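Visitor: I'm new to this one, and I'd like a close look at a single part. Could you take me through the salt bridges and the pieces they connect?

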Amino acid sequence: ASKFVVNGLPLLITRQNPLYVIFDTGVSGMVVSQELFDGRYLQARKNKEKSMWGTVEVSFLAEDKSEITLKAQKPLTTPLGKATPWNGFRGNLIAVGLAFLDGLAMTVDIDDGKILFVEG
């Protein structure tokens, strides 16, 4: 992902701390890595936010360098836990679910490695 914004506050994404997103239609809201969950919890408490995961936006850069943003309102969010599914994994992981695809049709072209989102 190129951007991850929660309640108007962006998460810092760098080459040293990248953000990987998995689309999982078996998830209603989203599942986030433990480090991201804990950091967001502290940020929300510090800012006295009413909702830890109010408005969530995940953005991606398309081939033509345009930005695609998927949004969800108060997605049900659970932490992944301490164990990541891959040895040596570095960065943050988010599995986004159906809340981010509401009103959209998603087509995945595995051969060309592309995803298409269409309103409908």
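Guide: Here is a walk through the salt bridges, one pair at a time, with the strands and the helix around them. Keep in mind that this is a predicted model.

The structure has three salt bridges. As background, side chains with opposite charges can pair up when their charged atoms come close.

Let's start with Lys 3 and Glu 67, whose side chains meet at 3.6 Å, N to O. Lys 3 sits in strand β1 and Glu 67 in strand β6, so this pair ties together parts that are 64 residues apart in sequence. Both ends are partly exposed: Lys 3 has a relative accessibility of 41%, and Glu 67 comes in at 39%.

Now find those strands in the sheet. Four strands make an open sheet in the order β2-β1-β5-β6, with antiparallel pairing. The edges belong to β2 (9-10) and β6 (67-73); each has a single partner strand, so one side of each has no neighbour in the sheet. Between β1 (residues 3-6) and β5 (residues 55-61) there are four bridges, and the two strands run antiparallel. If you want a spot to zoom in on, look at Val 6, which stands opposite Val 56 in β5. In general, it's backbone hydrogen bonds that pair the strands of a sheet.

Next up is the salt bridge between the side chains of Arg 40 and Glu 49, at 2.3 Å, N to O. Is Arg 40 buried or exposed? With a relative accessibility of 3%, Arg 40 counts as buried, because the cut-off for buried is under 20%.

Arg 40 is one of the buried residues of helix α1, along with Gln 34, Leu 36, Phe 37 and Ala 44. Looking down the axis of α1, you'd see the buried residues fall within an arc of 160°, so they line one face of the helix. A helix can do this because it has 3.6 residues a turn, so residues three or four places apart point the same way. Over on the other side of α1, the exposed residues are Glu 35, Leu 42, Arg 45 and Lys 46. The helix itself covers residues 34-46, 13 residues in total. From first C-alpha to last, α1 reaches 18 Å, close to the 18 Å expected at 1.5 Å a residue.

That leaves Glu 63 and Lys 114, whose side chains meet in a salt bridge at 3.6 Å, N to O. Glu 63 is in the loop between β5 and β6, while Lys 114 belongs to strand β10 (residues 114-119), so the pair ties together parts 51 residues apart in sequence. Glu 63 is exposed, at 68% relative accessible area, whereas Lys 114 is partly exposed at 39%.

From Lys 114 you can carry on into the hairpin that β10 forms with β9, where four residues lie between the strands. In that turn, Gly 113 has a positive phi of about 65°. The pairing of β9 with β10 is antiparallel, over six bridges, and Thr 107 has Leu 116 in β10 as its bridge partner.

One last stop is Val 108, in strand β9 (residues 104-109). Val 108 is partly exposed, with 48% relative accessible area. Together with Ile 110 and Ile 115, Val 108 forms a nonpolar surface patch with about 300 Å² of accessible area in all.

Note on methods: Residues numbered from 1 in each chain as written. Predicted model: local features only at pLDDT ≥ 70, side-chain atom pairs only at ≥ 80, totals over all residues. Heavy atoms only, no water. Patch = residues over 30% accessible without salt bridge, like charges linked within 9 Å, V, L, I, M, F, W, Y side chains within 5 Å. Areas by Shrake-Rupley, 256 points an atom, 1.4 Å probe, with all protein chains shown as cover. Salt bridge = Lys/Arg side-chain N within 4 Å of Asp/Glu carboxyl O. Buried < 20%, exposed > 50% of the residue type's maximum accessible area, 1.4 Å probe, protein only. Pairing = 2+ DSSP bridges. Expected span 1.5 Å × (residues − 1). Arc of directions from axis to C-beta.
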